[in-house]
Amino acid sequence: MQGILIVDKPAGFTSFDVVAKLRGICKTRKIGHSGTLDPMATGVLPVFIGGAAKAVDMQQNTDKAYDAVMLLGRRTDTGDVTGETLEEAPLPPNLDEAAVRRVLDRFLGPQMQLPPMYSAVKINGQPLYKAARRGETVERKPRPVTIHSLTLTGRVSEREYALHVACGKGTYVRTLVEDIGTALGVPATLAALRRTQAGPYTQEQAVGFEQIQQARDEGRLEQLLLSVETVFAHLPVWQVDETGEKRLRNGAPVYRCAAADGLVRLQRDGAFLGVGRVKNGTLHTEKLFVERE
């Protein structure tokens, strides 16, 4: 079994919990995931099963989209409502939807963001969240992130606002919400988070554990899997013949390749083989995924 399962992660599960549960359902340890989600978050978590696990580190499209709820007037140690409250403050009477909309444009585009202590970012080989759990604070450096769009989609309650965020790799929505609060002059924290898109995968493709278990019991689990080729849909296709495939599978290059320099999606007779790299007219194997009969 090989392919990508788009899991609708439930709240309360870590991304590793999802992988552990699927190892039992799929009866394989060859499982990886991309784009870690916090335990409180729900939504799109691409899980790579079998030989597809080799593609986890090859994703180039790491843009993501989220529906978030921002709670104003409260700051926590984790940046979300699961943490301990560090500060509470009343809201100014003039803080309304219009005021929130006015500050959002400040956060569009490339910018530097300080990763939160409760995160999987490693410093000196150790994830920050482990130090945070010990009550320690580690010196961190801001990292470049990009916010593609940031939209106020509604007011949930007197202190809660719904946001839609489209962003690039490494963006922490918790930190973004705290920074929006700072711009508004009040503490803020994340009350809810749902990922609606991760790279090319959307929540419309996501399935929950109940559906996955039922498909396994009915012997149709593989029908839920997307082809590993979907990871590389943005790459140009290059067709190879039987001789070319044999050379690539044996680690030998293919000469006189007319494709432009860079990565290509390899196919033979329309069937996906893997990814190659072209340089100066020579095609080399980058990663192969499917053994042909």
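Colleague: At the start of helix 6, which backbone nitrogen does a side-chain oxygen of Asp241 reach?

Modeller: That of Thr243: the two atoms come to within 3.3 Å of each other. Keep in mind that this is a predicted model.

Colleague: Okay, and what follows helix 6?

Modeller: Look for Gly251, which has a positive phi, near 85°.

Colleague: Now the middle. How do I read the faces of a helix?

Modeller: Start with the general idea. An α-helix has 3.6 residues a turn, so residues three or four places apart point the same way. Now take the case here. Helix 6 covers residues 242–249, and its buried residues are Gly244, Glu245 and Leu248. Looking down the axis, you'd find these buried residues within an arc of 100°, so they line one face of the helix.

Colleague: Which residues are exposed on the other side of helix 6?

Modeller: Thr243 and Lys246 are the exposed ones there.

Colleague: And what covers the buried residues of helix 6?

Modeller: The cover includes three strands: strand 15 (262–268), strand 16 (271–279) and strand 17 (282–288).

Colleague: Glu245 is on that buried list. Which side chain does Glu245 meet in a salt bridge?

Modeller: Arg249, at 3.0 Å from N to O. For a pair like this, check the spacing first. Glu245 and Arg249 sit four residues apart in helix 6, which means about one helical turn separates them. Then check accessibility, where buried means under 20%. Glu245 has 5% relative accessibility, so it counts as buried, whereas Arg249, at 26%, counts as partly exposed.

Colleague: Which residues are linked with Glu245 and Arg249 in a network of salt bridges?

Modeller: Arg268 and Asp269 are the other members of that network. Those two also meet each other in a salt bridge, at 3.8 Å from N to O. Try the accessibility check again: Arg268 is buried at 17%, while Asp269 is exposed at 67%.

Colleague: How many salt bridges does a search of the whole structure find?

Modeller: The search turns up 13. Another one to click on joins Glu87 and Arg75, with their closest N and O atoms 3.1 Å apart. This pair links distant parts of the chain: Glu87 belongs to strand 6 (residues 85–88) and Arg75 to strand 5 (residues 74–76), twelve residues apart.

Colleague: Are Glu87 and Arg75 buried, exposed or partly exposed?

Modeller: Glu87 is partly exposed, with a relative accessible area of 34%. Arg75 counts as partly exposed too, at 35%.

Conventions
Residues are numbered from 1 along each chain as its sequence is written. This is a predicted model: local features need pLDDT of at least 70, side-chain atom pairs count only at pLDDT 80 or more; totals for chains, interfaces and linings use all residues. Side-chain values use heavy atoms; hydrogens and water are left out. Buried means under 20% relative accessible area, exposed over 50%, partly exposed in between (1.4 Å probe, protein chains only). The arc is that of the directions from the helix axis to the C-beta atoms. Contact means heavy atoms within 4.5 Å. A polar contact is a pair of N or O atoms within 3.5 Å; within protein, one must be able to donate a hydrogen and the other to accept it, and residues adjacent in sequence count only if both atoms are side-chain atoms. A salt bridge is a side-chain nitrogen of Lys or Arg within 4 Å of a carboxyl oxygen of Asp or Glu.
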